[in-house]
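Biologist: Hello! Could you walk me through this chain, step by step, in words a first-year student can follow?

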Amino acid sequence: MDQKIYVQVVVIGSGPSGYSAAFRCADLGLDVLLIEKYSTLGGVCLNVGCIPSKSLLHIAKVIQEAKELSSTGVSFSEPVLNIKKIKLWKESVIKKLTDGLSYMRKQRKIRIIQGKAVFNTDTSLLVEEKEKKFTVLFEHAIIATGSQPIKIPSVSYNNESIWDSTDALSLKKIPNRFLIIGSGIIGLEMATIYSALGSKVDVIDRFKDFLPSLDRDIADVYIKSINKKFNLMLNTHLDKIKERKNELIVEMIQDNSNKKDICYDAILIAIGRTPNIHGLGLEKIGLKINDFGFIQVDKQLKTNISHIYAVGDVTGFPMLAHKGTHEGHIAAEVIAGKNHFFEPAVIPSIAYTEPEIAWVGLNEKEAKKENIDYEVASFPWSASGRAIASNCSVGITKLIFNKNSNKIIGGAIVGTNAGELIGEVSLGIEMGCDAEDLALTIHAHPTLYESIGLSAEIFQGTITDLFNVKCKK
């Protein structure tokens with residue numbers, strides 16, 4: 001016989017958006033039940049995504065920096081990779097964070113069921129936990145079930161050398177010849193990791209433009225910087241994969257005409273992610289899905305059923321943990337009676353490659369599309385004292401200003417730690433800063449982040465660290 005549980009708020013999924021929603025609900029005095037089908041909290045991000053990838057990217061960065069130091073007169077022998085130990089270290093990082101989440105859940109007295117949830121009605125869920133079955137009766141529900149990798153229908157995933165991102169992060173092996181299909185953030189990060197660990201990496205993408213969210217000048221700086229690390233082939237698509245002994249023969253077509261066969265030891269398919277919304281019984285309760293296949297929500301994260309909310313990857317692009325976390329907070333606060341809305345001015349994006357790429361707000365293409373009279377101010381890292389002294393002078397800081405108001409409307413950075421630097425640009429846009437606000441803020445020297453102030457000085461016409469094209473003669 002099913003056990004019945006009555007609760008104010010049930011949260012389905014414990015990734016960043018789910019646990020943030022559950023924790024915020026509890027902090028606001030609500031009775032919360034968290035449903036998670038896996039044994040640990042944290043979802044894809046903490047267990048098989050953001051955190052393990054950043055752990056391995058840290059290792060890759062140190063290996064790459066050690067190699068590049070040879071030009072300064074400091075040389076190291078070739079790194080000796082103990083894959084087993086690397087895996088253990090990566091797992092220890094994950095465990096530390098997931099244990100922390102478990103502790104915080106217990107401190108907040110949030111109940112948890114480890115099982116799969118399906119909507120029975122718009123006020124009840126059926127949940128199976130091993131041999132037990134529960135009927136959860138709720139006042140409010142928050143769907144935070146995340147996403148999974150998109151699969152190519154024509155590819156057989158039975159071959160253990162054809163991977164998704166979870167396989168790649170498990171370090172099954174370090175292939176000598178490694179193909180990555182997809183040049184999005186996941187593909188680029190995996191290319192960064194495996195090229196540093198010794199693989200000869202090719203990255204292919206069927207699109208002509210590299211990371212369409214970037215302007216060409218930013219993309220060019222990055223592409224130039226990675227030429228010696230891995231091979232990027234755009235306008236190239238997979239035609240067929242043939243298995244032969246211990247290798248995979250890939251037939252690919254470049255520029256719609258040039259067909260070639262290349263042998264690889266492993267292939268990673270990283271062509272994007274799709275929301276985990278199937279099998280939840282959403283069609284049974286009439287919950288609306290939009291034209292892009294995501295759950296339709298309003299600015300308070302409410303679905304068309306007003307007491308059911310959705311947060312995180314299931315609500316659409318950008319599919320980013322920090323967006324989901326913010327959405328989780330808003331949904332919890334709305335349930336608690338606060339008149340809050342999800343209305344960010346901007347959401348930053350980061351590729352944690354080496355060098356990193358970070359962008360936020362409008363790019364030039366978008367500014368043109370919106371008929372904004374804009375001006376670009378870019379500071380090259382080849383003129384940055386800190387970048388030169390740190391052997392990372394391949395980089396650029398680019399700001400975009402509205403010429404009518406002088407307000408900052410966008411920015412992009414390519415370079416070491418770009419993901420940390422973009423924070424000032426994000427805050428500047430959110431706060432409505434103009435170029436003078438940034439230029440007159442004293443930035444510490446020598447730092448990488450002073451390139452933001454120097455870019456604003458270029459726009460203002462007050463720069464002295466470069467030739468000032470706006471100076472009055």
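What follows is a friendly exchange of questions and answers about this predicted model.

Biologist: Let us start with a sheet. In what order do the three strands of the open sheet lie?

Modeller: Strands of a sheet pair through backbone hydrogen bonds, either parallel or antiparallel. In this open sheet of three strands the pairing is antiparallel. The order of the strands is E12-E13-E14.

Biologist: Which strands stand at the edges of this sheet?

Modeller: An edge strand has a single partner strand, so one side of it is left without a neighbour in the sheet. That is the situation of two strands here, spanning 236–244 and 258–264. They are E12 and E14.

Biologist: And by how much are neighbouring strands of this sheet turned against each other on average?

Modeller: Here the direction of the strands is ignored. Taken as an average over neighbouring strands of the sheet, the turn is 20°.

Biologist: Which residue is the bridge partner of His 237?

Modeller: E12 pairs with strand E13, residues 247–254, in the antiparallel sense over eight bridges. The partner of His 237 is found in E13. It is Ile 253.

Biologist: Now a helix. How many residues of H6 are buried?

Modeller: Helix H6 covers residues 185–196 and reaches 17 Å from its first C-alpha to its last, close to the 16 Å expected. The helix is mostly covered, with Leu 188, Met 190 and Ile 193 among its buried residues. Of the 12 residues in H6, the number buried is 10.

Biologist: Which residue just after H6 takes a positive phi?

Modeller: Just beyond the end of the helix, phi reaches about 115°. The residue with this positive value is Gly 198.

Biologist: Where is Leu 171, whose phi is positive, and is the residue buried or exposed?

Modeller: Most residues other than glycine have a negative phi, and most peptide bonds are trans. Leu 171 is not a glycine, yet its phi is near 55°. It is found in the loop between helix H5 (165–169) and strand E9 (177–181). Its relative accessible area is 1%, and under 20% counts as buried, so Leu 171 is buried.

Biologist: What is the phi of Leu 301?

Modeller: Leu 301 sits in the loop between helix H8 (282–285) and E17, and it is buried, with a relative accessible area of 0%. Although this residue is not a glycine, its phi is positive, at about 65°.

Biologist: Which residue does a cis peptide bond join to Phe 317?

Modeller: The omega of this bond is about -5°. The partner residue is found in the loop between strand E17 (308–310) and helix H9 (321–335). The residue joined to Phe 317 is Pro 318.

Biologist: What is omega for the cis bond from His 445 to Pro 446?

Modeller: Pro 446 is found in the loop between helix H13 (435–439) and helix H14 (450–460). The peptide bond that leads to it from His 445 is cis, with omega near -5°.

Biologist: Back to Phe 317: is its ring pair with Phe 294 stacked or edge-to-face?

Modeller: A pair of aromatic rings is described by the distance of the centres and the angle of the planes. For Phe 294 and Phe 317 the centres are 5.2 Å apart and the planes stand at 75°. An angle over 60 degrees is the rule for the class, so this pair is edge-to-face.

Biologist: Of Phe 294 and Phe 317, which is exposed?

Modeller: The two residues are 23 residues apart, and the pair links distant parts of the chain. Phe 294 has a relative accessible area of 4% and is buried. With a relative accessible area of 65%, the exposed one is Phe 317.

Biologist: Which residue lies over the face of Tyr 157?

Modeller: Its distance from the ring centre of Tyr 157 is 4.9 Å. The residue over this face is Lys 151.

Biologist: Last one. Which backbone nitrogen lies 3.1 Å from the side chain of Asn 363?

Modeller: Asn 363 is buried, with a relative accessible area of 7%. A polar atom of its side chain lies 2.9 Å from the backbone oxygen of Ser 213. The backbone nitrogen at 3.1 Å from a polar atom of this side chain belongs to Lys 365.

How values were computed:
Residues numbered from 1 in each chain as written. Predicted model: local features only at pLDDT ≥ 70, side-chain atom pairs only at ≥ 80, totals over all residues. Heavy atoms only, no water. Pairing = 2+ DSSP bridges. Helix = DSSP H or I, 4+ residues; strand = E, 2+ residues; numbered from the N terminus. Axes fitted to C-alpha atoms, helices over the stretch in contact; angles between N-to-C directions. Expected span 1.5 Å × (residues − 1). Buried < 20%, exposed > 50% of the residue type's maximum accessible area, 1.4 Å probe, protein only. Phe/Tyr/Trp six-rings, centres within 6.5 Å; stacked < 30°, edge-to-face > 60°. Lys NZ or Arg CZ within 6 Å of the ring centre and 35° of its normal. Polar contact = N/O pair within 3.5 Å; in protein donor to acceptor, adjacent residues only side chain to side chain.
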